[in-house]
Amino acid sequence: MAKLTGRESLGIEFGSTRIKAVLIDSDFNPIASGSHDWENRLENGIWTYHNEDIWEGLQDAYANLNKDVEAKFGEKIKTLASIGFSAMMHGYLPFDKNGNQLAEFRTWRNTITGEAAAKLSDLFDFNIPQRWSIAHLYQAIVNGEEHVKDIDFLTTLEGYVHWKLSGEKVIGVGEASGMFPVDSDTNDYNAEMLEKFAALDEVKKYGWNIKDILPKSLVAGENAGYLTEEGAKLLDVSGNLEPGIPMCPPEGDAGTGMVATNSVTVRTGNVSAGTSIFAMIVLDKMLSKMYEEIDMVTTPAGKPVAMVHCNNCCTDLDYWVKLFIEFSALAGTNLTKPQVYDMLYNEAMKSDKDGGGLVSYNYFSSEPVTKLDGGRPMFIRSEGAKMSLANFMRTQVYSTFATLKIGMEILEKENVSIDKLTGHGGLFKTPIVGQTLMAGAFNTPITVMETAGEGGAWGIAVLAAYSVYEGSESLDEYLDKKVFASCKSVTVQPDAEDSKGFEEYMKLYKKGLAVEKSATDNI
């Protein structure tokens, strides 16, 4: 039985439905993993997770990782080369000077900051999405929320966990760029915009300054502190883990997705398809103007990135698949959940290319790209549509990236060049299907790597390893030469008939958005 060397790196990512821990060896191979399922709650109109959910989930995921390690290596983790934390992007977690949480954790899924986001976008002449931390802060100010006067520190979920385990109030530049606009020349918050925000009359009345309450921005490769004795006990309740382990800058799932798909180089991009879906394209030139559908963020190394983010992806599809899983159990079969998924996904490949006139809207929550303030999942068809299981499933897969396509059309008009587009996330777990249909939809080759299943937890583990690397390579070079040099991948070219079929589907989809809006307004 192989033994641990202490040169392993650990990555833990708080996804929307699962907290995952991945341990990698010094060659970046995943050697053990553990996870914990959790779900957000809608309370008082706000999507949130309770504080105890965060710590119980983290401790359970780490304990499950240790079980896997013990089964494979005959021992538990004592020390590591490095640790990194990642989480769903942005949101709002404010604390007072004593470290007390002042308001519920407001996640990326909330669209309660429309007024603030619009005002700040005008003030900065820079698109401020509703999920960004600064939009949440300003909306709380506009709302006159009592807690705002007591804010001493504002951070995101992974920034919070990192702070409690290391004592350091820091954040990776990729995630920093979703808290407040970042200047890619300095890899720090935009100084001019900080001053504009601080000069607002409604902001000046508070005793804090925006510069002082945001976490320090760090780039990939920098040290972000060390695991404290208190932090080690908080992570590993068994007390086996030793303190003093170096930690990398905490990053959002957008940044770890770029790393996990080797998409941090100019003219590369990735599509992350899970609970939400977003595309990240590393730019070779800035866009000609501000677009409210396009978020300007950065790679973990600070390069400018155009991001199209949609709130809804696989959730509605998963609910439909659960119905078939229930039916298969009712029918007395012994089919496993993965088998049912694979069967249904593969059935989609036998359908009419346009989905037979069926349309599905996967809007569990609001969708800023299509300017809908609420979500009502909806499946609709005309009396002449071709209702079949194959068409139904193709329609469900199409719905996961239909809204993203609308946002990507803006980048097409801006003549943004993309040499490589890589997919990762739950949509790609069944081989080839999601990849093939997306290639047709975007009329672009889609690559999926063998590491895609490990996702952002593996990506933050790689960033953790990079933070203690003693070479001089840039992050781009490090990923190309060290991490992905021998990585296997599958690339699917777009099929002309699939592209034509999706184009027809989108015509119907766009027309039906009026029906979706009516459902949101009336149901």
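In this predicted model, about 30 Å³ of space sits in the second largest cavity. Its lining is made up of G172, L218, V219, A220, C248, P249, E251, P300 and L463. Sorted by class, that lining comes out as seven nonpolar residues, one polar and one charged.

Next comes the largest cavity, which holds about 50 Å³ of space. Of the 13 residues around it, H90, G174, E175, A254 and G255 are the closest to its centre. Several elements pitch in here: α5 (173-176), β13 (251-252), α10 (253-260) and β16 (295-298) each hand over at least two residues to the lining of the largest cavity. Helix α10 has the largest share, with three residues. As for chemistry, the lining of the largest cavity has five nonpolar, six polar and two charged residues. With a cut-off of 30 Å³ or more, the cavity count comes to two.

Now for the pockets, which are open rather than closed off. The second largest pocket contains about 540 Å³ of space. A set of 26 residues lines it, and I128, P129, Q130, E292 and P368 are the ones that lie nearest its centre. Helix α2, running over residues 114-124, gives the most to the lining of the second largest pocket, namely five residues. The classes in this lining split into nine nonpolar, nine polar and eight charged residues.

That leaves the largest pocket, with about 1400 Å³ of space. Its lining takes in 42 residues, and nearest the centre lie T17, G274, T275, G426 and K429. Both strands and helices take part: β2 (18-24), β14 (268-273), α11 (315-330), α12 (337-347) and α15 (455-467) each supply at least two residues of the lining of the largest pocket. Out of these, α12 gives the most, with five residues. On the class count, the lining of the largest pocket has 13 nonpolar, 16 polar and 13 charged residues.

A quick look back at the linings may help. Around the second largest cavity, the one charged residue goes with seven nonpolar ones, while the lining of the largest cavity includes two charged residues and six polar ones. In the second largest pocket, eight charged residues join nine polar and nine nonpolar ones. For the largest pocket, the charged and nonpolar groups have 13 residues each, next to 16 polar ones.

Definitions and conventions. Residues numbered from 1 in each chain as written. Predicted model: local features only at pLDDT ≥ 70, side-chain atom pairs only at ≥ 80, totals over all residues. Heavy atoms only, no water. 1 Å grid on protein atoms, 1.4 Å probe; cavity = no way out; pocket = protein on both sides within 12 Å on 5 of 7 lines; lining within 4 Å. Points joined across faces, edges and corners; volume = space filled by probe spheres on them. Helix = DSSP H or I, 4+ residues; strand = E, 2+ residues; numbered from the N terminus. Nonpolar A, V, L, I, M, F, W, Y, C, P; charged D, E, K, R; others polar.
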